[in-house]
Amino acid sequence: MTQEGIMTETEVITYVKATLDFFDETAELACTEIGDGNLNYVFHVVDQASDRSLIVKQAGSVARISDEFIVSPDRNRIETEILRLQGTLAPGYVPEVYHYDGEKNCVVMEDLSDYTILRKALLEQRQFPELAEHLSTFLVETLVSTSDLVLNHKEKKELVKSFTNPELCEITEDLVYTEPFFPHPRNDVFAGTRPYVEQEIWGDNRLALETAKLKFHFLTHAQALLHGDLHTGSIFVTPTETKVIDPEFAFYGPAGYDIGNLIANFIFAYVHSGYTSEGAEQESFQAYILETIETLVDSFRTKFVLAFEAKATEPVARYEGFLEHYLAGVVEDAIAVAGLELCRRVIGIAKVADLTSITDEQARTEAEITCLTLGKTFILERANYQTGSSITDAIKGVP
Ligand code: ADP
Ligand code: MG
Ligand code: MG
Ligand code: MG
């Protein structure tokens, strides 16, 4: 059942024709709802005759998966504004926005149907050699330019206001930072993994304390404008191009958040291949994932320094030692977020196909415990992984 206020496929065709000059007036349009996410409705509209097409993404006032989650449709404005901003800061890395409608809460954008969602591609063990360079560029260009390093502090505060996103932040606060770390009723733990979770996660007070510190850091550290939901299901790829979609969770938070989320999701793909492929195929794919993580982190660091040198306007940020201090903090936050994501996708309600598609029970249990072991290590020892190779050594070191 569709929600109230959400257009039908036929209504979308009428809407698009009445609102945009994109298609010929006489064009015969076909529309299909193709959304597969948790929150929104995504319509694909195509004119077969001219081969022109576009996407309409519409937000309702509750989540698509469950009306338990009340989520302001204002997230659609936030998604539109950040897509436009990212499009100027990191040209070519996001879909083009054609139109925004604050009454219908929908955004009309470039159709990327010729691309593949990265999670799906990685489950098929496909490799994208330029991916890590693309993602590190996207992250550095969007983060550094929205931080107090570069922006006039008053302008930055205006952006903080405009990207205040309380309801979607609350989802992250609950599902990432809180519920997975105690026996909350909404958790969904696989039977084989449960003893490990009870003993090593819920039974560890030291871990609980660190997650509390991290939650308060997330609540209070308005450092840079984040994507906020940058998992491998929010990235479209071709062999030569990368586009980031679905930034409705955007807000001002710790600059390491997005890269940490990415690292964890690359680890899910790595672990998945460990149980679903073998021999040379597995070796090649796992080497590719490790190289991607290493390049992502090391290029992020290098590009961050270059962007800082080229763009920083805050004089005290140029005091000797400051940039090193700042960047070390960003990477430490990233490792912590990678740890949280590794745990919450196993324990919490929002799962990843990388793990749930492992059909053998013993294999799935082992895969999940691998993720939890790494996740816990990353949370507790988050200051110790400053380079790409220190992270990949940790991944290789887990049984
Ligand atoms: P949600 O916020 O509900 O997760 P997404 O923005 O992630 O929605 O979109 C859900 C799905 O819709 C994507 O996985 C993708 O298949 C499709 N989709 C979204 N945006 C586009 C686009 N610009 N071009 C083509 N397909 C898209
Ligand atoms: Mg999505
Ligand atoms: Mg989603
Ligand atoms: Mg979304």
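The buried residues of helix H4 pack against helix H2 (75-89), strand E7 (224-226), strand E8 (235-237), strand E9 (242-244), helix H9 (257-276) and helix H10 (279-311). Contact requires C-beta atoms, placed from the backbone, within 7 Å, and a buried residue has 20 or more other C-beta atoms within 10 Å of its own. Helices (H or I, at least four residues) and strands (E, at least two) are DSSP runs, numbered from the N terminus. This is a predicted model, in which local features need pLDDT of at least 70, side-chain atom pairs count only at pLDDT 80 or more, and totals for chains, interfaces and linings use all residues. Residues are numbered from 1 along each chain as its sequence is written, while chains are lettered from A and ligands numbered from 1 in the order in which they are written.

Because 11 of its 14 residues are buried, H4 is largely enclosed by the rest of the structure. Among the buried residues are Leu131, His134, Phe138 and Val144.

An open sheet of five strands follows the order E1-E2-E3-E5-E4 with antiparallel pairing, where pairing needs at least two DSSP bridges between two strands. Strand E1 (29-33) and strand E4 (97-101) form the edges, each pairing on one side only. From one strand to the next, the twist averages 20°. Strands E3 (residues 52-58) and E5 (residues 106-110) share five bridges, and Leu54 stands opposite Glu110 in E5.

Two helices lie across this sheet, as tabulated; axes are lines fitted to C-alpha atoms, for helices over the stretch in contact, with angles from 0 to 180 degrees between N-to-C directions.

| Helix | Strands crossed | Angle |
|---|---|---|
| H1 (residues 9-19) | E1, E2 (41-47), E3 and E4 | about 130° to E1 |
| H2 | E4 and E5 | about 155° to E4 |

Conventions:
Buried ≥ 20, exposed ≤ 12 C-beta atoms within 10 Å, placed from the backbone. Contact = placed C-beta atoms within 7 Å.
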